[in-house]
Amino acid sequence: MKKLLAMILSTLMGLAILTGCSKQENSIQPAVDSMAATIVQTVEIPQVTTIDDADTILTMYDLDASKIAEMVLLKSGNGANADEVIIIKSNDAADLGAIEEALKLRITVLTDLFADYNAEDMPKIKNAEIVKEGNYIMLAVCADPNSAVDMFKASFKE
């Protein structure tokens, strides 16, 4: 009887240890187009255009398609402004490092493009924000990147 009780207690302790050590992942997986729609309502992007064509985005950002599950780009439609917000859901959170490097490269490209063309937009580029959550990442180049970041983060709250 004592051996049976000892086995039951050790089994329960083992289960308690495994349960306590398990990592809780965020189960909310919002669609990037829904996230973009929310951001459009609160962040000013001049003549905003939604680009969801994968080939266009992959080329603009030099991204590896095999690492991307979903993506959408909000861009100033007139081309004269640096404003753009890209939201990417990767296939795996481990891929975010490579995707983040591509987003940083995009900031460099925008800096080179707008330094002489439209220097008034340089503060938007210098204040660009990159934020990650789970297997999602966003780059916000706009007048109010903090609002875009807040909307992004709010998408993962229950």
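Which residues form a negative surface patch? The legends below take this up first and then move through the other close-ups.

**View 1. Four aspartates make a negative patch on the surface.** Asp33, Asp52, Asp53 and Asp55 form this negative surface patch. Patches are made of residues with over 30% relative accessible area and no salt bridge, with like charges joined within 9 Å and nonpolar side chains (Val, Leu, Ile, Met, Phe, Trp, Tyr) joined within 5 Å. Asp and Glu count as negative and Lys and Arg as positive, while His and the chain ends are not counted. The place of a charge is taken as CG of Asp, CD of Glu, NZ of Lys or CZ of Arg. Aspartate 33 sits in helix H2, which spans residues 32-42.

A word on the model before we go on. This is a predicted model, in which local features need pLDDT of at least 70 and side-chain atom pairs count only at pLDDT 80 or more, whereas totals for chains, interfaces and linings use all residues. Residues are numbered from 1 along each chain as its sequence is written, and side-chain values use heavy atoms, with hydrogens and water left out.

**View 2. The whole chain sets the scene with six helices and five strands.** Along the sequence, these elements follow the pattern α-α-β-α-β-β-α-α-β-β-α. Helices (H or I, at least four residues) and strands (E, at least two) are DSSP runs, numbered from the N terminus. Of the 158 residues in the protein chain, 39% are buried; buried means under 20% relative accessible area, exposed over 50%, and partly exposed in between (1.4 Å probe, protein chains only). The protein chain exposes about 9300 Å², and carbon and sulfur atoms supply 54% of that area. Accessible areas come from the Shrake-Rupley method with a 1.4 Å probe, and for residues only the protein chains shown count as cover. Among contacts (heavy atoms within 4.5 Å) between residues at least 6 apart in sequence, 61% join residues at least 24 apart.

**View 3. Glutamate 84 and lysine 75 meet in a salt bridge.** Here the closest N and O atoms are 3.0 Å apart. A salt bridge is a side-chain nitrogen of Lys or Arg within 4 Å of a carboxyl oxygen of Asp or Glu, and the count by this rule is nine. Glutamate 84 is buried, at 0% relative accessible area, and lysine 75 is also buried, at 17%.

**View 4. Glu100, Glu101, Lys104 and Lys132 form a network of salt bridges.** Glutamate 100 pairs with lysine 132, with 2.9 Å between the closest N and O atoms. Glutamate 100 lies in helix H4 (residues 96-117) and lysine 132 in strand S4 (residues 129-133), so this pair ties together parts that are 32 residues apart in sequence. Glutamate 100 is buried at 16% relative accessible area, whereas lysine 132 is partly exposed at 42%. Glutamate 101 and lysine 104 meet at 3.8 Å, N to O. These two residues are three apart in helix H4, which means that about one helical turn separates them. Glutamate 101 is partly exposed at 48%, as is lysine 104 at 38%.

**View 5. Two loop residues have a positive phi.** Most residues other than glycine have a negative phi. Glutamine 47, in the loop between H2 and strand S1 (48-51), has phi near 45° and is exposed at 56% relative accessible area. Aspartate 62, in the loop between helix H3 (54-61) and strand S2 (68-76), has phi of about 50° and is exposed at 59%.
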